[in-house]
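Work through the exercises below with the model open. Try each task before you read its solution.

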Amino acid sequence: MSRKGSRTTVSSKPDIRTVAALAKVSIATVSRTINSSPAVSQKLSQRVWQAIEELNYFPNTHARSLVSGRSRILGIIVENITNPFFPELISSFEEIAVAHGYEILVSSTNINSASQLTSCVRRMLERKVEGVAVLTFGSEESVLDQLSIHNMPIVLAEFHLDDPKVSTILLDYSAGIHAAVAHLVQLGHTRIGFLAGPHTLHSAITRLEAFQQTMREANLKVHKSWIIECDHTLKGGVAGFGKLMALHSRPTALICSNDMTAIGVLRAVYMAGLRVPEDLSVIGLDDIDFAEFTLPPLTTIRLSRQELAKAAFDALRLQAENAANSANGSVIQREFLVSTSLVVRGSTAPPAAENSKTPAKN
């Protein structure tokens with residue numbers, strides 16, 4: 001038995017002339033409105049956009065870019081898109097960009113693949129993006145020359161470059177890590193370990209250095225054997241905890257370089273027949289959406305994706321608009337700060353009395 005559809009059929013495809021007729025303006029006014037020309041009054045602009053919405057008309061973005069000389073596309077390159085932190089970051093970046101009339105082009109790369117990163121940049125250049133946010137947190141050196149040659153505005157995380165086309169986002173890990181150590185000390189912990197990220201990443205090195213500095217300031221001993229390099233993945237957290245279990249003397253609390261590592265630790269502790277936080281307190285870093293749904297909910301250092309995305313967008317927008325209006329010769333902001341803070345949940349507690357010296361093995 002066949003079914004009849006209920007969709008309304010549009011008699012003809014609307015074009016710019018149809019929009020102009022409905023809005024009772026000239027075709028030139030419609031074109032200027034679509035291209036965000038300041039020559040169109042707010043009243044006329046509202047009338048044109050109302051007609052566009054009513055007709056379900058989709059402006060030709062390619063034609064717009066040919067007329068204006070701007071693509072209004074921003075690129076964002078991230079590492080390891082399987083880490084929930086990065087899709088959350090991309091979603092925030094896109095939301096902000098679209099609200100300001102930009103589209104985005106997304107690429108993901110492996111931190112160990114320079115050729116893959118180069119390919120990502122090539123796609124950005126081919127699409128004539130107006131700027132690129134390279135948020136790979138430490139593996140960007142291989143593509144900086146390629147972007148610079150094409151005079152492309154860039155924003156980097158934690159990486160300074162003496163180039164007028166490059167902006168930097170500074171991430172204040174120290175504030176969050178200081179709060180995490182202070183929280184553990186207040187609970188009674190003095191034996192604190194750290195599961196670090198890959199030493200090839202600027203961010204991982206910065207987080208480790210912040211941990212070591214904070215421990216010294218708190219007059220707590222930094223045990224080298226309790227600092228273990230992982231790879232910012234779930235399996236890395238499992239492997240890192242396994243190395244700690246092989247030690248005769250172990251910490252009663254762990255701070256992890258990211259949430260994925262910490263969640264891996266939660267699983268490994270459970271599989272070892274131990275409990276979080278009774279046998280081991282665990283703190284992550286990022287505060288991905290999933291962190292509050294682990295068992296127990298993860299105490300973590302929040303690195304706001306919304307703030308990071310806004311900083312990246314603002315940096316690129318300032319660069320792009322400064323380039324479009326280069327005659328004004330204004331000096332634009334080159335550095336943007338994103339802070340961190342501690343979110344306390346259920347994965348931290350005072351150390352058990354029997355664990356205050358050496359946690360018992362299962």
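The exercises go from the whole chain to the sheet and its helices.

This is a predicted model: local features need pLDDT of at least 70, side-chain atom pairs count only at pLDDT 80 or more, and totals for chains, interfaces and linings use all residues. Residues are numbered from 1 along each chain as its sequence is written, and side-chain values use heavy atoms, without hydrogens and water.

**Exercise 1. Describe the protein chain as a whole.**

- Count the elements: twelve helices and eleven strands. Both are DSSP runs, helices H or I of at least four residues, strands E of at least two, numbered from the N terminus.
- Check burial (under 20% relative accessible area, 1.4 Å probe, protein chains only). Of the 362 residues, 48% are buried.
- Take contacts (heavy atoms within 4.5 Å). Among those with a separation of 6 or more, 70% join residues 24 or more positions apart.

**Exercise 2. Trace the sheet from edge to edge.**

- Strands pair if DSSP finds at least two bridges between them. Eleven strands give an open sheet with mixed pairing, in the order 2-1-3-4-5-11-10-9-8-6-7.
- Strand 2 (103-109) and strand 7 (227-229) are the edges, each pairing on one side only.
- Inspect one pair: strand 10 (residues 299-303) and strand 11 (residues 335-343) are antiparallel over four bridges. Here R302 stands opposite S341 in strand 11.

**Exercise 3. Place two helices against the strands.**

- Angles run from 0 to 180 degrees between N-to-C directions; axes are lines fitted to C-alpha atoms, for helices over the stretch in contact.
- Helix 5 (residues 85-99) lies across several strands, including strand 1 (73-79), and runs at about 170° to strand 1.
- Helix 8 (residues 173-187) also lies across several strands, among them strand 11, at about 15° to strand 11.

Note on methods:
Buried < 20%, exposed > 50% of the residue type's maximum accessible area, 1.4 Å probe, protein only.
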